[in-house]
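Hi everyone, thanks for coming. Today I'd like to walk you through a structure that may be new to you, so please have a look at it with me.

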Amino acid sequence: MTLLRVADLTVTLATSAGDAEAVRNLSFEIDHGEILGIAGESGSGKTMTALSIIGLLPYKGKATGSIYFDGREILTSSKKEYRDIRGKDIAMIFQDPMTSLHPMLTIETQLTEHLRHHRKVSKGSARQSALELLDTVKIPDPASALKAHAGQFSGGMRQRIAIAMALACDPKLLIADEPTTALDVTVQAGILKLLRQLRSERDLSIMIITHDLGVLSSLTDRIMIMYAGSEAESGTAPDLLLHPRHPYTQGLISALPGVARQGKVLTTIGGSPPELGNFPTGCAFHERCSYAQTSCSLEVPSVLQVSDNHRMFCPINPLAEKSVK
Ligand SMILES: Nc1ncnc2c1ncn2[C@@H]1O[C@H](COP(=O)(O)OP(=O)(O)OP(=O)(O)O)[C@@H](O)[C@H]1O
Ligand SMILES: [Mg+2]
């Protein structure tokens, strides 16, 4: 059952050269208990997509289209309504956990105030819930942890505490923007295991933004690849990682080291992603695409359904007969 349905989302940002679209006509869905991975090069609009869902776009940023969450349209919500949605229905964690943790307040103050604000519970019961949350995210000795400040923990432990904060009000959707990028591999594995566990225990839906092929292959059910603010391709994780059809996805996957590509030569995609306000006409990827034809600079690609759960946006479908093994 669908929890989040984003339709035709366009995000316009104010730049020194005028307004520019950072996200363009993006549509996707996340089911209850589903983990969607979003990948794409820097500047492709991943974070702006996430921020529009929680109503926190930068100053003068504007989102149009529709964001339908748990049975209602939320894009048109007021600031006050968004304050309620954030934390309670949808929570977000970032690459740097200190974004969500206050350096000067104890973990207890932060967790209990958050709980009391959203759940209107007593101090005692907020403290009990805070202890349970720290236990859920596997913080050793939760009672001592409550008395400490964020700076006293390692990066991995801080990210666990940020996840505890995010879970405090039992959200239905957790958005994680590169939550493990700053962590070393073993700590990262622990966080991924925790996210998997939370999904199965709480039926939590997760939207995870990552550059990491290992994270995509080990955690996600479905993957959406973004380029220049739009979807290039999306599909189930195995379909997308093992049989990418869009030349961009293929390039991206060939460029990333990881389990799915063991034994393959790593290649790079020539050129660099286009700058905001300067996206090429037609298919935005055409200038870097080795399959590009004249028509690619003219036609905005329409959707091509590869199978029930796999689609891509490429006007010429060059890899149709040649899936990558
Ligand atoms: N406050 C802002 N004002 C104007 N433009 C911005 C602002 N924040 C981000 N941008 C631009 O919007 C575009 C999309 O940014 P976004 O942060 O969504 O990219 P991203 O896909 O998350 O990239 P990364 O992988 O580097 O995090 C980029 O070109 C970025 O430079
Ligand atoms: Mg980002």
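A quick word on terms before we start: domain bounds, as I use them here, come from an automatic or database domain assignment. Please also keep in mind that this is a predicted model.

Let's begin with the overall layout. The assignment splits the chain into domain 1, made of 2–89 + 171–313, and domain 2, covering 100–168. Between the C-alpha centres of domain 1 and domain 2 there are 29 Å.

So how many residues of domain 1 are in contact with domain 2? There are 11 in domain 1, and they meet 11 residues of domain 2. On the domain 1 side, helix 2 (79–88) and helix 7 (185–202) each provide at least two of the touching residues. Helix 7 gives the largest share of that side, with 4 residues. Sorted by class, the side of domain 1 that touches domain 2 holds 8 nonpolar, 2 polar and 1 charged residues.

Now, on to the ligand. Around ligand 1 we find 13 residues, and those coming nearest are S42, K46, T47, P58 and L276. Two elements, strand 1 (2–15) and helix 1 (46–53), give two or more residues to this shell. Which of the elements supplies the largest share of the shell around ligand 1? That is helix 1, with 3 residues. As for class, the shell around ligand 1 is made up of 7 polar, 5 nonpolar and 1 charged residues.

That's my tour, and I'm happy to go back to any part of it. Thank you!

Conventions
Residues numbered from 1 in each chain as written. Chains lettered and ligands numbered in written order. Predicted model: local features only at pLDDT ≥ 70, side-chain atom pairs only at ≥ 80, totals over all residues. Contact = placed C-beta atoms within 7 Å. Nonpolar A, V, L, I, M, F, W, Y, C, P; charged D, E, K, R; others polar. Near = placed C-beta within 6 Å.
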